[in-house]
Amino acid sequence: MIIHGFIDTPLSSWVKEMKRELLKHSDWNVVVVDWAGGSLPLYTQATANTRLVGLEVAYFVNYLQEHLGLDPAKVHMIGHSLGAHTAGYAGQRINGLGRITGLDPAEPYFQGMPTSVRLDTSDARFVDVIHTDGTSIFLLGYGMSQPCGHVDFYPNNGKEQPGCSGTDAPLPLTLIREGLEEASRVLVACSHVRAIKLFTDSINTPCPYIAHKCDSYEHFLEGKCFNCAGNSSNCALMGMHATETPVGAPGSKYYVATGKDSPFCRRHYRITVHLARPPRAESWVQGFMKATIHSDNGVARNLDLTPSGYVRLEHGEARSFVVTHPLDMGPVRRAELYWEYDMDVLQPRSLCFFWCNDHLYVSHVQVQRLDMELPGDQDAGARGKRNVEPAPQLCTVGSREYADIASRSSATFYDNCGASKGSRHYTETNEDT
């Protein structure tokens, strides 16, 4: 059952597209709830109307159960914005409702409220939520940031989405492809409607939306939560197939990075840079890095490891960065690392002219990709299997134990580490690997 939100109708292009993708996936009965007359401004009135619409939806499902033998456990409600809370109100009055998917549940009058007022885990056997516009309403964010499901997904930190900021909003292209209605929707609430697009894309995509349980988005980007080994709940599939993977306790946050254009799904890679500390190296340096990785499947060029600004790197230690790419690269055979030193006048120790060394010294690089068996694969017993493949060490050529990278230059690392050299490095990094 698809339930639209505020100032929306069942005739919207996203409703038709989601219905089409659902029917393409399986032989389901798809019901679209039409409450367009009650979803119009004022917002306060539309908010009140969600309770009545929830009662009507619950009556419909209960009627089908009583007269036609419908099993409520097989009912899946998908609600956007106010529609998410509407599904919650319906679930309160349906015994054993199977699933509710909340697509960026509306914030005003719901954030921080008791569970009886908003969508929560008691409304269905499984409640999954995708947050894409969790900025405060005072900053024109329309969605909740508060966890409210059995599993809560926060793509791109659950706030402003790629391609939705200022001049990045894809209005001209959207206007040409999808018409005035969709372009207006993108202009007013680009991040808010991104949850719809992500869920719709997840229904039939061959690319898995693998999300990582983590205590913060910053730690996720630093590769501190890049662990999906075994049968744990450290990772979950966002979107249609969320039920096919174990999830943690309610309140856990799962992070995933996506692209700015459709298809939005991206493959995740953790690039770990192991720094050497020769005598002439500074104890620390700060700057920007980019990486290009090569595999048998292709090349991913100029992956920005420092998109949020310069990073401080301690020589003798290791630093990880999570990056994304549309392609499944497979095992990485070669990596090129670009380094550019950065001086900050607010940090006098970073000023580097004649009396300091702005070079970066790298002993080796590791690139890990996260893999996951997709629902519907041939080997049904392997479904839900999560794996971080072993990360081969990429080393410099020749006898030198490290690469000396001057500012604004690059170094290349290969997967042909010598036996003795490779053994020593694996011993040093065994715990991290």
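This report describes the two largest pockets of a predicted model.

## Basis of the description

The structure is a predicted model. As a general point, rolling a probe the size of a water molecule over the atoms shows where empty space is left.

## The largest pocket

The largest pocket holds about 890 Å³ of space. Its lining is made up of 29 residues, and those closest to the centre are L221, D304, P307, S308 and V322.

Four elements each give two or more residues to this lining: helix 5 (217-221), strand 12 (298-304), strand 13 (311-314) and strand 14 (318-325). Strand 14 contributes the most, with six residues. Sorted by class, the lining of the largest pocket comprises 13 nonpolar residues, eight polar residues and eight charged residues.

## The second largest pocket

For the second largest pocket, the volume is about 650 Å³. A total of 21 residues line the second largest pocket, and W28, N29, K74, V75 and H76 are the ones nearest its centre.

At least two lining residues come from each of helix 1 (13-25), helix 2 (43-68) and strand 3 (76-80). Helix 2 provides the largest share of this lining, namely three residues. In terms of class, the lining of the second largest pocket consists of 12 nonpolar, five polar and four charged residues.

## Summary

In the largest pocket, of about 890 Å³, strand 14 is the leading contributor to the lining. In the second largest pocket, of about 650 Å³, that place belongs to helix 2.

Key
Residues are numbered from 1 along each chain as its sequence is written. This is a predicted model: local features need pLDDT of at least 70, side-chain atom pairs count only at pLDDT 80 or more; totals for chains, interfaces and linings use all residues. Side-chain values use heavy atoms; hydrogens and water are left out. On a 1 Å grid over the protein atoms alone, a cavity is a set of points where a 1.4 Å probe fits but cannot get out, and a pocket is an open set with protein on both sides within 12 Å along at least five of seven lines; lining residues have an atom within 4 Å of a point. Grid points are joined across faces, edges and corners, and a volume is the space filled by probe spheres set on the points. Ala, Val, Leu, Ile, Met, Phe, Trp, Tyr, Cys and Pro count as nonpolar, Asp, Glu, Lys and Arg as charged, and the others, Gly among them, as polar.
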